[in-house]
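I opened a fresh page for this protein and pulled up the structure beside it. Here is what I looked up, in the order I went through it.

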Amino acid sequence: MNTGSNEPGGVAVATDETEVDGVDRDEQGLGSRAPEFIKARRVLHLSWQVGVFIIGLAIVIAGVIMLPLPGPGWVVIFGGMAVWATEFVWAQLVLRWTKRKVTEAAQKALDPNVRRRNIILTSIGLVIVGVLVGIYLWKFGIVMPWKIKDQ
């Protein structure tokens, strides 16, 4: 990622000059990345696609389970999408769209004005939470919700 300048506070700029295996990213075709001997045989290719789909589905389901539980849920879900993208055009298109949106969000987050606004909003939010906790402690004190002496 190129920041666009050597000055502090410069805005990040992503370049589209990314090459994969010597092929420009835009020129890289959509479709199956299966080896040629697998693509040459219809039954073998269909079995390959079913296998890739099942493995990707298992990874995506594990990611969905990790969303409410501790774990990197979204990372695992996108990992499953990447597995699907090795074989299915729809997954490749979704993954490209997601990468583009993440890059745009990263560029926006690195903008000095947006960063300053986010820091100010976070500070205001922390002050409000601190005031609410202080009011609660002033009114009720530190009392456990259960009373062991009454049992």
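Before reading off the order of elements, I noted what counts as one: helices are DSSP runs of H or I with at least four residues, strands are runs of E with at least two, and both are numbered from the N terminus. I also wrote at the top of the page that this is a predicted model.

**Entry 1: the overall layout**

I read the elements from the N terminus on and got β-β-α-α-α-α-α. That fits the tally of 5 helices and 2 strands. Next I checked burial, and 15% of the 151 residues count as buried. I then turned to contacts with a separation of 6 or more, and found that residues 24 or more positions apart account for 44% of them.

**Entry 2: the UniProt record**

Which residues does UniProt list for "transmembrane region"? I found residues 46-67, 73-98 and 119-138, and I noted that the entry is unreviewed. I compared two of these stretches with the model. Over residues 73-98 the chain is 88% helix and 0% strand, and I get 16 Å between the end C-alpha atoms. Residues 119-138 come out as 100% helix and 0% strand, with their end C-alpha atoms 28 Å apart.

**Entry 3: how α2 meets α3**

I wanted to see how helix α2 (residues 42-66) sits against helix α3 (residues 73-85). Their axes are 7 Å apart, and the packing angle is about 170°. Angles over 145 degrees count as roughly antiparallel, so I wrote down α2 as roughly antiparallel to α3. On the α2 side, the residues in contact include Val52, Phe53, Gly56, Val60, Gly63 and Met66. On the α3 side I listed, among them, Gly73, Val76, Gly79, Gly80, Met81 and Trp84. How do the residues of this contact divide by type? I found 14 nonpolar, 5 polar and no charged.

**Entry 4: two residues of α2**

I looked at leucine 44, which has its place in helix α2. Is leucine 44 buried or partly exposed? Its relative accessible area is 36%, so I put it down as partly exposed. Not counting residues up to four places away in sequence, leucine 44 touches Phe37 and Ile38.

Tryptophan 48 lies in helix α2 too. With a relative accessible area of 35%, tryptophan 48 is partly exposed. I also checked its spacing to glutamate 87: the two are 39 residues apart in sequence, and 8.8 Å apart in space from C-alpha to C-alpha.

**Entry 5: the largest nonpolar core**

Which residues make up the largest nonpolar core? I counted 8 in all: Val52, Val60, Met81, Trp84, Ala85, Phe88, Ala91 and Leu95. Helices α2, α3 and α4 (89-109) are the elements that give two or more residues to this core. The largest share, 3 residues, comes from α3.

I then followed two core members. Alanine 91 is found in helix α4. With a relative accessible area of 0%, alanine 91 is under the 20% cut-off and therefore counts as buried. Leaving out residues up to four places away in sequence, I see alanine 91 touching Met81, Trp84 and Ala85. Alanine 91 and leucine 30 are 61 residues apart in sequence, yet their C-alpha atoms are 9.9 Å apart in space.

Last on my page is leucine 95. With the same sequence neighbours left out, up to four places away, leucine 95 touches Phe78, Met81, Ala82 and Ala85.

Technical notes: Residues numbered from 1 in each chain as written. Predicted model: local features only at pLDDT ≥ 70, side-chain atom pairs only at ≥ 80, totals over all residues. Heavy atoms only, no water. Axes fitted to C-alpha atoms, helices over the stretch in contact; angles between N-to-C directions. Parallel < 35°, antiparallel > 145°, perpendicular 65-115°, else oblique. Contact = heavy atoms within 4.5 Å. Nonpolar A, V, L, I, M, F, W, Y, C, P; charged D, E, K, R; others polar. Buried < 20%, exposed > 50% of the residue type's maximum accessible area, 1.4 Å probe, protein only. UniProt positions renumbered as here; feature names shortened; annotations may be inferred. Core = buried A, V, L, I, M, F, W, Y, C linked by side-chain atoms within 4.5 Å.
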